[in-house]
There are 2 protein chains.
Amino acid sequence: MALIIAKFGGTSVADIQRIENAASKVVREVEAGNKVVVVVSAMSGVTNKLVEYCAQISPMHDLREYDTVVSSGEQVTAGLMAMALQKHGVVARSWLGWQIPIVTDNVHGKARIENIDTNELQKRLDDGEVAVIPGFQGVTGLGRVATLGRGGSDTSAVAMAAALGADRCDIYTDVSGVYTADPRIVPAARKINKIAYEEMLELASLGSKVLQTRSVEMGAKNGVPIQVLSSFDDEIGSDRKGTLVTTEGSIVEAELVSGIAHSSDESKITVLGVRDVPGIAARLFEPLAKAAVNVDMIIQNISADGLTDMTFTVPRAESALAVKTLEKDVDLTYDKITVNDNVSKVSVVGIGMKSHAGVANTMFRTLAEKNINIQVISTSEIKISILIEEDYTELAVRSLHAAYGLDDTDKIA
Amino acid sequence: MALIIAKFGGTSVADIQRIENAASKVVREVEAGNKVVVVVSAMSGVTNKLVEYCAQISPMHDLREYDTVVSSGEQVTAGLMAMALQKHGVVARSWLGWQIPIVTDNVHGKARIENIDTNELQKRLDDGEVAVIPGFQGVTGLGRVATLGRGGSDTSAVAMAAALGADRCDIYTDVSGVYTADPRIVPAARKINKIAYEEMLELASLGSKVLQTRSVEMGAKNGVPIQVLSSFDDEIGSDRKGTLVTTEGSIVEAELVSGIAHSSDESKITVLGVRDVPGIAARLFEPLAKAAVNVDMIIQNISADGLTDMTFTVPRAESALAVKTLEKDVDLTYDKITVNDNVSKVSVVGIGMKSHAGVANTMFRTLAEKNINIQVISTSEIKISILIEEDYTELAVRSLHAAYGLDDTDKIA
């Protein structure tokens, strides 16, 4: 008998039919002898609509009220899911964030969970009751409803798994698992059976939107095995057919490279001729941070004549804001700022590359053979990212996928 | 300075524009120096959709989960209303049922309020803060969300007024007040300036759906003046242009008749030839009560040969259920059951008739002049109700409205 958290995302509970379908998976887990805590997202589209309402009233709205409004979507799904389970004869009830309680800090709109009181839940799980918990929400020490930021239901699920010492956290979504590349671009992409938290973090932050980054961090910190699987396939979590995100040590034979990620939502900004003095990076990026611009890659070239060029990437939607912020900064001296909205980022990720040379070389050689120019390179322990001209994104991803031996030969044949 | 409860119904908060419009009325009350508690319904259509979701999953769903689901609509509006008020510089916050708390009994789906803790609210009102409260919801002693039954936001508002000792409870709706008859049928209908609780109760239960019956009862019991007014007109509650529901004593010159109500949603059922023995009424109506059939008028004619005919009315949608229930009752002896779905009920209501003779006679003479046959008569202290053939409803209402001198002569001219 295992204790399992089963989290269903928005598309998995998009309508009554899908809620019933999700419920039937939970029923199968219960029938297999497992204790189950269900975590649900809002029906797809609902949260966006509620966020839009708040934005319509005021872009500068009170985030405490925002949380009161947007948390309601998950509340609805939790009640409906409990009903759907009861229809199958399963003893189930919904537990709102304040009822458990799931206590968060006071940072409304993107609160962090501080504590989960599991006493009552644990008792009821032992009695065979299924708990249905709305994701995304908690309650502050001051008794206000708080939400965990977009995608926060993943974090709710993993936090619940950690607090209850669950055997596994199953994240049901609209894909069958984590793939070696986006299957829409690379038809030969394979589903990954096991992936390390660190790799998943790199993939999650690189545009593979399967899991919220924070949930993966939390899983890694607490050693919660997270399984990503499809709610539309017939299997349930206990069939173990999805992608298991787990510790590096439990992956016996790590691939050299686990996957190729890409993101076309990038802008490259270069500030030319800034003075190369200590503290210049902080000087440049502090105003951007204050303006809530998400700076991703940062590359500083060597300097000449005491001047250097600073290049960085931001999400494309924020490039105008970034440039305006720097131009307004009267104390910053530079020659000029150039912006290129026509770039995309391609990354090769794999814990195997820690102990292997030549991974970067394969990347550079492969792209050279296709005449794809690399504009910027940035590396970490388990990742190499490059910026290229956007038009070459798909060609680059497909070529790299083949070059690292990731292609599913069955799919090609 | 007065303490006012301002309740906005579903059509008054149907979209963001209307929420902002409602907020601006609250702002005007605040600027006039009043303390204000705002009670809001769900945006129109939302509750119906949520109820439908629950019904789709199971007609026999857990009412505790039903309450968790359907209470979310008011939660959304409360947060949005607080934001809209803040935009005008008013200090405001939402208070969910469990945050106050508004404690109810455990009868989910139609809970009754047992207690409201007003300490914190009162303190904040004294500091000039506006409280925004989702109507329809409370929390049970067991910590589950409970709802007060459809239309329950009126009850929330009046209960809050009673608990806080408010000077007035303003119910903003989509009509300008309570009318002497349905203006769609009687163009000469007048808005009533003051009406007694007892009259409003008769009108509310007679199909004039302006106020939930329970809220009027609660207003009467606690002496809360309730004002019905339109959220679409330019005025605010303090302009006193709506209909004030108040104690009989405060209405200086009571009209003989306050209004003519009608309901076409009626079925007349007659059980012919039941044995006229003590307890026969209980014998007949107990199974109907158990089947949740809402019996309204009951008329027993005098008996002959130890047999009598029992006539009663039920909502048209329940007539088939009523007949089936009686037919299934093997211990009940009768000759036959007749059903007439082609009737409507017309009622003359007025506290003035307590002390005046001739009110009934005017009714009967007026209908006789129009050749309208009265099928059944039932009277109370302040009401005379009759059943007539449905086709004559509008003619009857218009004729009675004129006969009792209720026509607004300006509108006729």
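Biologist: How many bridges join β13(B) and strand β15 of chain B?

Modeller: This is a predicted model. In it, β13(B) and strand β15 (residues 307-315) of chain B run antiparallel. Within this pair, B:V274 faces B:T308 in β15(B). The pairing of β13(B) with β15 spans 8 bridges.

Biologist: Which residue stands opposite B:H262?

Modeller: Look at strand β13 (residues 259-275) of chain B, which also pairs with strand β16 (residues 336-349) of chain B. That pairing is antiparallel, over 11 bridges. Across from B:H262, in β16(B), stands B:V346.

Biologist: Which element gives the most to the side of chain A that touches chain B?

Modeller: The contact takes 28 residues from chain A and 28 residues from chain B. On the chain A side, α1 (16-31), α2 (46-57), α3 (63-70) and α4 (72-87) each give two or more residues. The top contributor, with 11 residues, is α4(A).

Biologist: How many charged residues has the side of chain A that touches chain B?

Modeller: Sort that side by class. It has 13 nonpolar and 11 polar residues. The charged residues number 4.

Biologist: What relation superposes chain A on chain B?

Modeller: Chain A falls on chain B after a rotation of 180°, with 0.0 Å of shift along the axis. The RMSD is 0.1 Å. That is therefore the relation of a two-fold axis.

Biologist: In chain A, which residue has the C-alpha nearest the axis?

Modeller: The same surface serves both copies, as 100% of the contact residues of chain A recur in chain B. The nearest C-alpha in chain A lies 2.8 Å from the axis. It belongs to A:S72.

Methods. Residues numbered from 1 in each chain as written. Chains lettered and ligands numbered in written order. Predicted model: local features only at pLDDT ≥ 70, side-chain atom pairs only at ≥ 80, totals over all residues. Contact = placed C-beta atoms within 7 Å. Helix = DSSP H or I, 4+ residues; strand = E, 2+ residues; numbered from the N terminus. Nonpolar A, V, L, I, M, F, W, Y, C, P; charged D, E, K, R; others polar. Pairing = 2+ DSSP bridges. Least-squares fit on C-alpha atoms with pLDDT ≥ 70 in both.
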